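Colleague: Before I rely on a model like this at the bench, I would like to learn how its features are read. Could you take me through them one at a time?

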Amino acid sequence: MKNKKSKSYLLALLPFVIVIFFFEIIPLMMIVIRSFMPLGEIGFTVEHYFSIFSKRLYQQAVINSLIVALVSAFVGIFIAFFGAKAANSTSSRAKTFFMSVLNMTSNFAGIPLAFAYIIMFGNVGVFVMIGKQMGFTSLANLDLYTVWGLTLTYIYFQIPLATLLLIPAFEGIRKEWGEAVSLLGGNRIQFWIRVGIPVLLPSLFGTLSVLFANAIAAYATAYALLQNNFSLIPIRISEQFVGDVVQRREFGSALAVVLMLLMVLAVTMNNRMLKWAKGEGFYDKK
Amino acid sequence: MIKNKSSMFVIIAITIYLIMPIVFTFFYSIFAEWNEVLPKGLTFRYYIQILTDLHFMESIGRTLFISILPIVLCTIVILLAMYVVIVFAPQYDKYIQVLSTIPYALQGVIIAISVLSLYADAPAPFSNRMVMLTGTYCILILPYMYQGIKNSLNTVNAPRLIEAAQMLGASRIYAFFAVIVPNILSGITVSALLSAAIIFGDFVIVNIIGGNYFETSQVYLYKAMFKSGQLTSAIGVVLFVITLLLSAGVYFIKNKKLNHGEMK
């Protein structure tokens, strides 16, 4: 019966293929193709890519996006490192509690997050008022509506994600290794530099590239804070397709390709770094 | 002991940092005025106002509607594909896996603009915003639905189960849809709830594709930002509670399974 040559079972794959083709593959291919077409006509050009890197407005978008994504990813992973380390060295009840806080707050992103930060650090935000009354000028003069304000907001959603991704990696660090290091005369700092961090390196790099991609493509938080008044790649992309001004889909497609390339770059760098670190240790994508 | 204490300190510090914006949003929503350091005038009128606002209820209804359609569609599509993979052609699984993971890497903006730019001027069924939204959401949740369903199929050891059912005289289709699917129903529910939470929190896709045509609860929240701060925070709190309920559902089902010992 199994040798029946009929391939009619492939019909069951059809719905999947249709959905994937119409809403994933063709749209993506068209973005790449369109990014090489002149505005509103058929042909081939690289002028859009040229203007992304030569016009100040778009240079600024690329730079701002890189700053926000890199800084928030590094600060996020730095805090998450200690968070995940702490989660794995306390009682299991404290860990369960911490995990549920992380899971709960990882849902708090986008517009609600932006608004909460406006309440806290906006022009008449609570902390800004406290800063004014108590005379903390750095708090009083904090401007949420800048690259650094935006970075501050992005760091918030990086932390729960990064910690949740790192906790399983820390579970791989055995207590015995610490004991072995101290038997050999090493202290805790030496343990982390010589054993802990090298073992964690693959997970740290992997998490870092997830955080980078997560931040560089984020749209809702920035849009809620500053609408279209701030130069970030995702904002500039969406403008070209839904803007009140002139729509330039071909140019927007080129911007989207640049965004995708930046994300690919993050993954490639991650792989390079892994190879450089000899790729030892148990790499777990989740 | 010292180590344990410092761990507790780190956990408490991060917890306070993470809870703070939510607490502030909540306080902001229950006070009439917050122009100085301390708020004044405890009130629940903003909650009453939104919970009796028909537009808000409609926006939640719209969000529910636009979540259910893609989730059902995505589940059916993946189950059919997995039927082929498990029963006939395991070699296809790697392609299905790659295709299902791409959207995870792409994120919202790119998925949304690629669909919009392709179909905005296309003929009838595609240029319909609802069709575009449904398709795009389907792609957005695909990685989560695929992974969830795949994991559950692995846990019940689907190929063996099908063999057993066949030995007892069941056809392959019957074995898959009447034996396997009911067994992984809780796994499917977990992925569906997770996907619902993702669509409930989406603003990117609905703002780009739906524009002002389709006001989901996130769009409603965005528009409220320009009207009243207190109202916005009250809406934020209500929406946050809805996502919490969805995640609580996931947690509850997973725990129930744990207790029954049918899944790890």
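Modeller: Let us begin with one residue: Thr90(A) is partly exposed, because 19 other C-beta atoms lie within 10 Å of its own, where 20 or more would make a residue buried and 12 or fewer exposed, with C-beta atoms placed from the backbone. This is a predicted model, in which local features need pLDDT of at least 70 and side-chain atom pairs count only at pLDDT 80 or more, whereas totals for chains, interfaces and linings use all residues. Residues are numbered from 1 along each chain as its sequence is written, and chains are lettered from A and ligands numbered from 1 in the order in which they are written.

Colleague: Where is Thr90(A) found, and which residues does Thr90(A) touch?

Modeller: Two residues are in contact if their C-beta atoms, placed from the backbone, lie within 7 Å, and helices are DSSP runs (H or I, at least four residues; strands are E, at least two) numbered from the N terminus. Thr90(A) is in the loop between helix 3 (56–87) and helix 4 (92–105) of chain A; leaving aside residues up to four places away in sequence, Thr90(A) touches Lys95(A) as well as Asn4(B), Ser7(B), Met8(B) and Ile11(B).

Colleague: How many residues does each chain give to the contact between chains A and B?

Modeller: Chain A gives 66 residues and chain B 62. Among the elements of chain B that give two or more residues to this side are helix 1 (2–29) and helix 12 (229–260).

Colleague: How is a bent helix recognised, and where is the kink in helix 4 of chain B centred?

Modeller: The bend at a residue is the angle between axes fitted to the seven residues ending there and the seven starting there. In helix 4 of chain B a kink of about 110 degrees is centred on Gln107(B). The expected span of a helix is 1.5 Å times one less than its number of residues; a straight helix of 27 residues would span 39 Å, but helix 4 of chain B spans only 29 Å between its end C-alpha atoms.

Colleague: What is the average pLDDT of chain A, and where does pLDDT stay under 50?

Modeller: pLDDT is the predictor's confidence in each residue, from 0 to 100. Chain A averages 86, with 94% of the residues scoring at least 70, yet pLDDT stays under 50 over residues 280–286 of chain A. Where pLDDT is low, the predicted coordinates should not be read in detail.
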